[in-house]
Amino acid sequence: QVQLVESGGGLVQAGGSLRLSCATSGRYGMGWFRQAPGKEREFVAAITWGAGRTYYAEYADSVKGRFTISRDKAKNTVYLQMNSLKPEDSAVYYCAAGPRGPIATLDYDYWGQGTQVTVSS
């Protein structure tokens with residue numbers, strides 16, 4: 001059973017930054033998703049496993065230029081650096097691993113429990 005352990009959520013003022021972390025027990029492409037109250041879960045960012053130092057990342061248009069996804073292969077950990085946060089970024093953020101197809105979709109094998117991010121105005 002693959003486990004995903006998320007951390008780093010919290011409360012921050014608009015314009016601030018947070019970094020989310022997600023550790024996993026295997027080597028997978030991984031992604032971050034979010035779900036706000038009353039809304040559907042949506043894609044945020046994803047990164048492939050890649051060979052050596054080669055990898056590919058994708059971002060939702062709403063976070064391009066503000067969020068950066070990265071990974072530490074030695075630690076099997078993926079990070080989401082979130083800068084210039086806005087109130088509309090408030091949501092539960094989920095980490096996922098094992099994409100079944102394109103990484104910018106919700107079709108992943110494994111999901112974390114989620115971590116709350118709240119951005120105050």
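Is Asp89 buried or exposed? Select Asp89 to begin: with a relative accessible area of 1%, this residue is buried, where buried stands for under 20% relative accessible area, exposed for over 50%, and partly exposed for what falls in between, computed with a 1.4 Å probe on protein chains only.

Before moving on, keep in mind that this is a predicted model, in which local features need pLDDT of at least 70 and side-chain atom pairs count only at pLDDT 80 or more, while totals for chains, interfaces and linings use all residues. Residues are numbered from 1 along each chain as its sequence is written, and side-chain values use heavy atoms, with hydrogens and water left out.

**From Asp89 to Arg34**

Now add Arg34 to the selection, and display the side chains of both residues, which meet in a salt bridge at 2.9 Å, N to O; the term covers a side-chain nitrogen of Lys or Arg within 4 Å of a carboxyl oxygen of Asp or Glu. Arg34 belongs to strand 4 (residues 30-35), whereas Asp89 sits in the loop between strand 8 (77-82) and strand 9 (91-99), so the pair ties together parts that are 55 residues apart in sequence. Strands here are DSSP runs of E with at least two residues, numbered from the N terminus. Like its partner, which is buried, Arg34 counts as buried, at 6% relative accessibility.

**Further salt bridges**

The structure holds six salt bridges, and two others can be visited next. Select Asp61 and Lys64, whose side chains meet in a salt bridge at 3.2 Å, N to O; Asp61 counts as exposed, at 66% relative accessibility. Then go to Asp109 and Arg100, where the N to O distance of the salt bridge is 2.5 Å. Asp109 is partly exposed, with a relative accessible area of 38%, and Arg100 counts as exposed, at 56% relative accessibility. To see how salt bridges can share partners, select Arg34, Glu42, Arg66 and Asp89 together, as these residues are joined into one network.

**The disulfide**

Finally, select Cys22 and Cys95, which are joined by a disulfide with an S to S distance of 2.0 Å. The count comes to one disulfide under the rule that a pair of cysteine sulfur atoms lies within 2.5 Å. Cys22 lies in strand 3 (residues 18-24) and Cys95 in strand 9, so this pair ties together parts that are 73 residues apart in sequence. The torsion about the S-S bond is about -85°, and the disulfide is therefore left-handed. Cys22 counts as buried, at 0% relative accessibility, and Cys95 is buried as well, with a relative accessible area of 0%.

Conventions:
Helices (H or I, at least four residues) and strands (E, at least two) are DSSP runs, numbered from the N terminus.
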